[in-house]
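Biologist: I'd like to learn how to read a few features off a model like this one. Could you walk me through some?

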Amino acid sequence: MKPNFIIELKNLTIDHYRDLRESMIEAYPDIEDSEWEESQIRKLLEIFPEGQLCVLVNGKVVASALSIMVRFDKFGDEHTYEQITGNYTFNTHDPDGDVLYGIEIFVHPDYRGMRLGRRLYEARKELCESLNLRMIMAGGRIPNYNKFSSEITPREYIDRVARHEIYDPVLTFQLSNGFTVRRILKGYLEDDKNSEEYATLLEWNNIYYEKEEKFLQQQKTVIRVGLVQWQMRLFSQLSELYEQIEFFVDAVSGYQSDFILFPEFFNAPLMEQYNHLGEAEAIRKLADYTDGLREKFIEFAIAYNVNIITGSMPAVQNGKLYNTGYLCRRDGTWDSYTKLHITPSEYSAWGMLGGNEIRVFDTDCGKIGILICYDVEFPEVSRILADQGMNILFVPFLTDTQNGYMRVRLCAQSRAVENECYVAIAGCVGNLPRVNNMDIQFAQSAVFTPSDFAFPNNAIKAEATPNAEMTLIADVDLDLLKELHNHGSVRNLKDRRLDLYQVMKKRPWGRVPK
C-alpha cells in the first residue's frame with residue numbers, strides 16, 4: 001500500500017451517492033443488484049442523517065456504514081433483513097429506539113487492508129454511546145460457508161471461525177471488532193447463495209448505557225496516549241526495523257490509543273554497518289533512511305488508525321544536518337518538527353544544526369506540541385506553545401546516563417505544572433556497543449500532569465519500569481485542564497504579570513532555513 005492517501009471519516013450526503021454506488025458494486029460482485037437506489041439513500045439521510053457514515057480516500061467514497069434505530073423488542077431474535085428494514089423502506093426506524101441496527105457496511109476491495117472498516121465500527125460505537133443506546137445489532141452474512149456446508153453445520157462453522165481455524169471475510173471482521181454472535185438466522189437475506197441464506201445475529205453491548213437520556217457529546221475530551229520505551233538492538237536488515245515498529249504500532253493501537261510516541265534516534269542501530277566511518281559521516285548515512293521511515297510511519301498511521309509521533313531521526317536538507325521527526329496523522333496528513341537546541345556532543349560529533357520552527361500542531365484530539373529531548377529544558381519554548389493552545393506536550397528523548405535522564409524528566413514535570421498541560425516523554429533503553437556515540441541508554445518513560453487536586457498527588461499519571469522495553473498507556477482528560485485553568489488552586493497561566501514580562505518569538509515560524 002502506498003501511503004499517498006488522505007483519509008476522511010464523514011457523515012454521508014446525497015452528493016456522495018455516485019461514488020457510493022460504484023464502490024458498493026465492486027464490494028459485492030457475487031450479489032446481483034446489490035447497490036442501494038438513490039431514493040433509498042435520500043430516505044435514510046432524511047430520517048437518520050447521523051447514522052449514515054462513509055470513508056473518503058482522496059475525496060472518493062470507498063467505504064460506508066448505514067444504520068437505523070429500532071425498538072428491538074418489536075422484532076426479536078427471529079427476523080429477516082427485509083423485515084428489519086421494512087421491505088427496504090426503512091419505516092421501521094424509530095427515533096425513540098433502543099438499538100442501533102447496522103443495515104450495511106462495506107469497503108471497496110481496492111482499499112481493503114487499510115482498516116477502514118474498523119474506523120467505521122469505532123464511529124458506530126461512539127454514535128451508540130453518544131445516543132445512549134443499549135447496543136449495536138446487525139445480521140452478518142457468512143459468505144464462505146458454502147465452501148464448507150457439505151461437511152459442517154452453520155454452528156460448527158461459526159465456532160471454527162471464532163477459533164481462527166476458518167477465515168470468513170465478514171464474521172472474522174465482526175468478531176475482531178468486539179461483536180458476539182447472539183444466534184444463527186435462517187433465511188435472513190434472500191438469494192445469498194454464498195451464505196446459503198444463513199446469517200449471524202451479532203451484538204455489541206454499550207457498557208455506558210443509562211436508562212435516563214443523556215446529551216450527545218460532540219467533542220472528545222479523554223485522550224489515550226501510548227508511549228514506546230524502545231530497546232536498542234541490532235538489525236540485520238531494514239525490514240526487521242519496520243517489523244519492530246509495526247509490532248509496537250499494532251500493540252498500542254489495539255488499546256484504541258489516539259497517539260503513539262516513539263523515542264529520539266530509535267533507528268540508531270542501523271548505523272552499525274557504518275561503524276568503520278567517522279561519526280559525522282555515519283550519521284549522514286543514517287539520514288538516508290529517513291524518507292523511507294517517514295513513508296512507512298504514514299502507512300502505519302493510516303492502517304492502524306492512530307496518530308504517530310515518530311520520535312526523531314537525522315535528516316539532511318540542503319547539505320545541512322538536522323534532528324527531525326514527523327507527526328503522522330491517521331487521516332494521512334503529516335507535518336515535520338526539528339530539534340531547536342543542539343547539545344554540545346551533537347554539534348561536535350556530528351555537526352548537527354538546530355531548527356527555527358516553534359509551533360503547535362492541530363490533530364483530531366486538539367492542539368499538541370512536540371519538543372525533542374534537550375528542547376524541553378528551555379521553558380520559554382513550552383510557554384510559547386502553551387500560549388498557542390497546546391494541551392499535550394510530547395517529548396521524545398535519548399539519554400545515556402541517569403543524570404542526563406533526570407534533567408529531561410525534571411524539566412518535563414516543570415513544563416506540565418507551569419503550562420497547565422500534560423507532558424509525555426519516551427526514551428530508548430539498552431546498549432549498542434558496536435555503534436559509536438550510541439553505546440548506552442537510560443530511560444523511564446512517563447506521562448506527567450499538572451499538580452492540583454484533580455490530578456495524581458505526585459503529578460505522575462503513569463510511568464514505565466526503568467530500563468525495560470515496554471509500552472505505557474495512559475488516558476488524559478482535557479476537561480480537567482480547562483477546570484484547572486479557570487478554577488485551580490493556583491493559575492499559572494492566568495496569574496502571569498504580563499505588565500512586567502512576556503515570552504515571545506523573535507521571528508514568525510517557518511521552514512528550516514536553507
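Biologist: Let's start with helix 13: what covers its buried residues?

Modeller: Keep in mind that this is a predicted model. The cover over the buried residues of helix 13 includes strand 8 (222-231), strand 16 (392-396), strand 17 (422-426) and strand 22 (470-477).

Biologist: And which residues of helix 13 are buried?

Modeller: Leu478, Leu481 and Leu484 are, in a helix that runs over residues 478-487. Those leucines span an arc of only 110° around the axis, so they sit on the same side of helix 13. Have a look at the start of the helix too: there, a side-chain oxygen of Asp477 comes to within 2.9 Å of the backbone nitrogen of Asp479.

Biologist: On to strand 3, then. Is Ser67 buried or exposed?

Modeller: Ser67, which lies in strand 3 (residues 60-70), has a relative accessible area of 1%, so it counts as buried. Its side chain reaches the backbone oxygen of Gly51 at 2.8 Å. Leaving out neighbours within four places in sequence, Ser67 has contacts that include Leu44, Phe48, Tyr101 and Arg124.

Biologist: How should I read charged residues?

Modeller: The general idea is that side chains of opposite charge can pair when their charged atoms come close. In this structure there are 29 salt bridges.

Biologist: What about Glu104: which side chain of opposite charge is nearest?

Modeller: That's Arg124, 7.5 Å away; Glu104 is buried yet has no salt bridge. Glu104 belongs to strand 4 (residues 99-107), and its side chain makes a polar contact with the side chain of Tyr28 at 2.6 Å. Not counting residues up to four places away in sequence, Glu104 also touches others, among them Met24, Trp36 and Leu66.

Biologist: Now for some pairs that do meet. How exposed are Glu295 and Arg294?

Modeller: Glu295 is partly exposed, with a relative accessible area of 25%, whereas Arg294 is buried at 14%. Their salt bridge has its closest N and O atoms 3.1 Å apart.

Biologist: Which residue does Asp499 meet in a salt bridge?

Modeller: Arg497, at 2.7 Å from N to O. Asp499 is exposed at 59% relative accessibility, while Arg497 is partly exposed at 42%. For another pair, try Asp362 and Lys367, whose side chains meet at 2.7 Å, N to O. Asp362 is partly exposed at 47%, and Lys367 is partly exposed at 31%.

Biologist: Which residues are linked in a network of salt bridges?

Modeller: Look at Arg329, Asp335, Glu357 and Arg359, which are joined up that way.

Terms used:
Residues are numbered from 1 along each chain as its sequence is written. This is a predicted model: local features need pLDDT of at least 70, side-chain atom pairs count only at pLDDT 80 or more; totals for chains, interfaces and linings use all residues. Side-chain values use heavy atoms; hydrogens and water are left out. Buried means under 20% relative accessible area, exposed over 50%, partly exposed in between (1.4 Å probe, protein chains only). Helices (H or I, at least four residues) and strands (E, at least two) are DSSP runs, numbered from the N terminus. The arc is that of the directions from the helix axis to the C-beta atoms. Contact means heavy atoms within 4.5 Å. A polar contact is a pair of N or O atoms within 3.5 Å; within protein, one must be able to donate a hydrogen and the other to accept it, and residues adjacent in sequence count only if both atoms are side-chain atoms. Lys and Arg count as positive and Asp and Glu as negative; His and the chain ends are not counted. A salt bridge is a side-chain nitrogen of Lys or Arg within 4 Å of a carboxyl oxygen of Asp or Glu.
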